[in-house]
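Student: Could you choose one chain and take me through it closely? I would like to see how its parts fit together.

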Amino acid sequence: MSWLPIALVGVPLLGVVVAAVPAVRDRAVAWGIVVSAVVLVLAVALAAAFDHARPADMQLQTDRPWIPGLGLRFHLGVDGVSLPLVVLTALLTFLCFVHLAGHPPAGGRPGALVVTLLVLEVGMIGTFLALDLLLFFVFFEVVLVPMYFVIALWGGAGRRAAAVKFILYTLLGSAVLLIGLLVVWTQAGTLDMVALAGRHGSGMARSAQILAFLAIGLGLAVKTPMWPLHTWLPDAHTEAPTVGSVLLAGVLLKMGSYGFARIAIPVLPEGAAALAPWLGAFAVVGIAYGSLACLAQRDLKRMIAYSSVGHMGFVLLGFASLTPVGLNGALFANVAHGLITGLLFFLAGAVKERYGTTDMVRLGGGMLRRLPYVGSLLTFACVASLGLPGLAGFWGEMLALLGAFRPAAGLSRPLFLVFMAVGGLGTVLTAAYFLVMLSRVTHGRAVETIPPPGSLEPPGPPLATAEGVREVLSEAGEGAEPVEPVATGAAVAALDREGAGQETARASAVVDDGRASATGAGAAGVGAADAGEMGRARRPFRDVTAHELAAWLPLVALIVLFGLWPKALLAVTTPAVQSLLGSGVAP
Amino acid sequence: MTGGVIQSIDYAAVAAPLVLALVAGLVLLLDAFLPARPGGARVLGLVTLGGLVAALAVVAVQAAGGGTRRTFCVPASLGGEPAPGRAAPASCSFVADRFSLVIAAVVLAAGVVVVLLSMTEIAAGGDAGAGERGRIPAGEWYFLLLAALTGAVLLPASRDLIMLVVSLELVSLPVFALTALKRHDGRASEAALKLFLVSVVSTAITLFGVSLLYGVTGSVHLDRIDAALRATGDTARGMAGDMTGGMTGDMAQVTAVAIVLVAAGFAFKIAAVPFHFWAGDVYRGAPVPVAALLSVVSKASGFAGLILLLTSALPGRAALWAPGVAVVAALTMTAGNVLAMRQRAAVRLLAWSSVAQSGYILAPLAVYAVAPRAAVGASVAYLVFYAAMNLIAFAVVLLVARLPEGQDLEAYRGLALRSPAAGLSLAFALVCLAGLPPGLAGLFAKIVVFRAVVDGGLGWLALVMAANTVAGLYYYIAWTARLFAPPAAGESRTVSTRTAAGVAVAIAVAVTVVFSVAPQVVLSVTG
């Protein structure tokens, strides 16, 4: 019996209730910071109270009957698998609120966003703490509606469709997951995850295990996401606001992979052994597909989203190997991906805020010169994500591949060697697309989208048609001298409409003022329009702000820490993983 | 009950329907003799409310007392069966056991909400009526409402076919009139006519099936029908080795036809596929309180009748009807969801969504042969959860429908910002109906049903339900999103929650919140 896990779930919930008080509602973001800071402190306290000498045991448990009619118990606790994820969740949520304080949401209504994010936090932390199958499912479902609203109310232009796609896909996954959990329950007669994991599948028929693993695996695979069930992810990530993308990539995807480590593999070992080759195959297809898709992306956010498909493929490959090494790698990659992709989405949000777009062609190059801090942090995050040794991204993927090199007995080694080879190819492709992106965005010559203050160059000839604007733009793209034409509002608006359809309304509204001047590289119309809207049409880009630094630096520090000292994480997960697999010693 | 032909009636057992019937008469008298004053309708509403609360108290006392009360009993020596050597128990027509008390409580609680909605509806008719044309006659309205509720309380306690059919008609007949009470409203008249035709046809079908059942078994009491069917089944097995041998084989076929006909009659009442098509038009045409009555009270009593018939009279034939129920459940939820997706009017959407929800209530019955208790428990539990969530939705819809153009889904744009109480209540109801947190009541209801179906081994039905959960979410979440979307330019109309309907919303929300936090309340009663 411990109050810490209850407090971790209860504090954000209490925060939601208190946020309804009018006096608090007016300072909602500050309240959000306070609540999430308390949760973070509690999470750190949890890590401190955790007995690191025996991370394989479930600790700090609390177990109360909730709904006897369903056999549902309010059973929470942590072990070495869930502890890092709980701390990660608390940290990322806190950083999101810090970021929010300096960068109010574009959709307005910050109070509502704070409430939504706090509900989201309840669901995320609860999922990682739950030790009862149905309780896990309840928390798993809690995140759906808040995330739907985060995307649907504060998202980009295509938010409505993206949000609907997100919630329908993930609910379909959840419903199948529920069926799988109920199959486990009818077969095993208990919902207690600790007891179920302790049995290692004894007492359940092999066919039932395969069926249950199929259902549970499918349900979790939608969330993780596993190719080919990933199609909701790029849209959701692209359209979500910065904090939404960060939490979606940083935590929500982890709920799927955590389910594999906590339920699917330990509870259903025979089912896992039977279906592991399939899981591995889909995982490596995901790795290759994600990397290739990244190469084809023009949009920075979309590219990062697809890179998540590839990275989560490594996580799934680690699980599929069914070895302690592979599982360790998967859990490490999980946390590393949460940190790195969280940082990447923060940076993409920062880019979007400054340039008004994340389209790489429109961004032009030279970010390092124009925004040295943002540019170098972006470079750092990309390099970490592509798995440079010495940074957090490296270890997880290496261990996952190592797991595939020597899969568990009973799995076909040649098959997994093929998987490993494809995965290895995937790491090369990952490096390729990140480097291509960096060379396009951070390097090269900066193209002045917005003139510096005071420099009032003579405007070029006015362009009246979208064709004209595009001509000028394409010329500039080929390295010609930047021309400074003044596009009429209609022309820029038309170009926008023909383009990705982004921000059409905003652009045309502002451009109609006649203030915007379209210049050299891509983003002309939208960039200027955005800047115009912010009332700083004649000011240069602002480099990193204090709030952004506060939100980003902890992530940078942790990426470096786990990169240089992976044992900090592995020491916690290794015994837990061995106990999950039921093997006493590491191979 | 000592073998005589004079029945002794246990008035304590029939107290709840009796109270309702007496109050119904009282309301009619008050309406006739009270001087016509502006507040008259309100007085009648309060009297009706008092009657409902009294009946609810009776049910509560009976439930607290525990045990089972029976009355209108026929001793074993009378009736179709020749008395066997041992003393068989008497067969009773009215049994107040846990099942009937739970359904009665649901019906009465829903009745309270419906009366509160009616008070708002009638008051609104009085305000805007401009003379006689739009006015709803309050006395008749409350009388009919009480009559329907009497039938709905009577029905779950009925244990013979005649009682079942009579009380089912007692639920249905007043509803036609209620639907049509908004005179000079073309839509309402059309709805009433449609409902009337459908209902009469279904009653005829039911009666035909009942007569066949009586012919086969020689009894109208459910327990005796069961015994007789088991006896013939055993004889048939003994004679020919299977059920379709010789003379009794013909009887088995007649029984099958009878089961199909009786079940079809009830399927009309609960708007199950293929007898669902009336729901949209009737809900839309009827006044909103009547639509709420149809979707909760009428549906609950229909389900109660169907469950009684299948599990009390025909449990021995479960192998015959259970697969049919499974297929009907799957079709009903699918058809309801598909039809709901394309609706633009709030009430029509709720109509089809409640058809879809019927499918979930029906689904556990398909595994009755495997786990009888769990199956009925899951069905009734879902019904209770559904009643609470659905009533919130109808109550808010009534409030919004009073605005001009309020029937259209577009009227809900930004409701949560314009009228937070109403908007948030509706949002809560919708996520509950969709079965997602924070609407935990709906989530647990779905889990109960899924558990029963998976436990019973009907994997395909569970998968159909999973797909339908997603299909249902599509329109529920679209509507919910509309509540939070920025209101259309110039739209600042608010709905008043300071009316009787506001109280109704508050009651329904409070009950649903309790069900969300402590679903055990429901599960311990129904399990």
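Tutor: Let's take chain A, from its general make-up to some of its details and then to its partner.

The model is predicted, so local features are described only at pLDDT of at least 70 and side-chain atom pairs only at pLDDT 80 or more, while totals for chains, interfaces and linings use all residues. Residues are numbered from 1 along each chain as its sequence is written, and chains are lettered from A and ligands numbered from 1 in the order in which they are written.

Chain A has 26 helices and two strands (DSSP runs numbered from the N terminus: helices are H or I with at least four residues, strands are E with at least two). Of its 587 residues, 62% are buried (20 or more other C-beta atoms within 10 Å of a residue's own, with C-beta atoms placed from the backbone; 12 or fewer is exposed, and in between is partly exposed). Looking at contacts in chain A with a separation of 6 or more, 77% are between residues 24 or more positions apart (a contact means C-beta atoms, placed from the backbone, within 7 Å).

How confident is the predictor? The average pLDDT of chain A is 81, and 83% of the residues reach at least 70 (pLDDT is the predictor's confidence in each residue, from 0 to 100). Among the elements of the chain, α6(A), residues 133–142, has the highest mean, 92, and α23(A), residues 504–511, the lowest, 41. In residues 451–464 of chain A pLDDT stays under 50, and the model has 26 contacts there beyond four places in sequence. Residues 475–539 of chain A are also below 50, with 140 contacts beyond near neighbours in sequence. Low pLDDT means that predicted coordinates should not be read in detail.

Now to the two strands. β1(A), residues 59–67, and β2(A), residues 72–78, run antiparallel and are joined by six bridges (strands pair if DSSP finds at least two bridges between them). One of these pairings puts Asp63(A) opposite His75(A) of β2(A). The two strands make a hairpin with four residues between them, and Gly71(A) in the turn has a positive phi of about 70 degrees. Leu60(A) is not a glycine, yet its phi is also positive, about 50 degrees. Leu60(A) sits in β1(A) and counts as buried because 21 other C-beta atoms lie within 10 Å.

Val78(A) leads us on to Val86(A), which touches it. Beyond its neighbours within four places in sequence, Val86(A) is in contact with Val78(A) and with Leu8(A), Ala43(A), Leu46(A), Ile125(A), Phe128(A) and Leu129(A). The largest nonpolar core has 429 residues, and Val86(A) is listed with Leu108(B), Ile392(B) and Ala395(B) as having the most contacts inside it (such a core is a set of buried Ala, Val, Leu, Ile, Met, Phe, Trp, Tyr and Cys residues joined through C-beta atoms within 7 Å). The element giving the most to this core, 24 residues, is α13(B), residues 372–401.

Next comes α10(A), residues 206–223. Its 18 residues reach 26 Å from first C-alpha to last, close to the 26 Å expected at 1.5 Å a residue (the expected span is 1.5 Å times one less than the number of residues). Its buried residues include Gln209(A), Phe213(A), Gly217(A) and Lys223(A). Their cover includes α8(A), α12(A) and α13(A). After this helix, a cis peptide bond joins Thr224(A) and Pro225(A), with omega about -10 degrees; Pro225(A) lies in the loop between α10(A) and α11(A). Most peptide bonds are trans.

Another spot to find is Cys382(A), which lies in α18(A). Why does Cys382(A) count as buried? Because 26 C-beta neighbours lie inside 10 Å. Leaving aside neighbours within four places in sequence, its contacts are Phe434(A), Met437(A) and Leu438(A). Cys382(A) and Phe434(A) are 52 residues apart in sequence and 6.1 Å apart in space, C-alpha to C-alpha.

Finally, the partner. The contact between the chains takes 25 residues from chain A and 26 residues from chain B. On the side of chain B that touches chain A, α16(B), α17(B) and α19(B) each supply at least two residues, and α17(B) has the largest share, nine residues. That side divides into 20 nonpolar, four polar and two charged residues (Ala, Val, Leu, Ile, Met, Phe, Trp, Tyr, Cys and Pro count as nonpolar, Asp, Glu, Lys and Arg as charged, and the others, Gly among them, as polar).

Note on methods: Contact = placed C-beta atoms within 7 Å.
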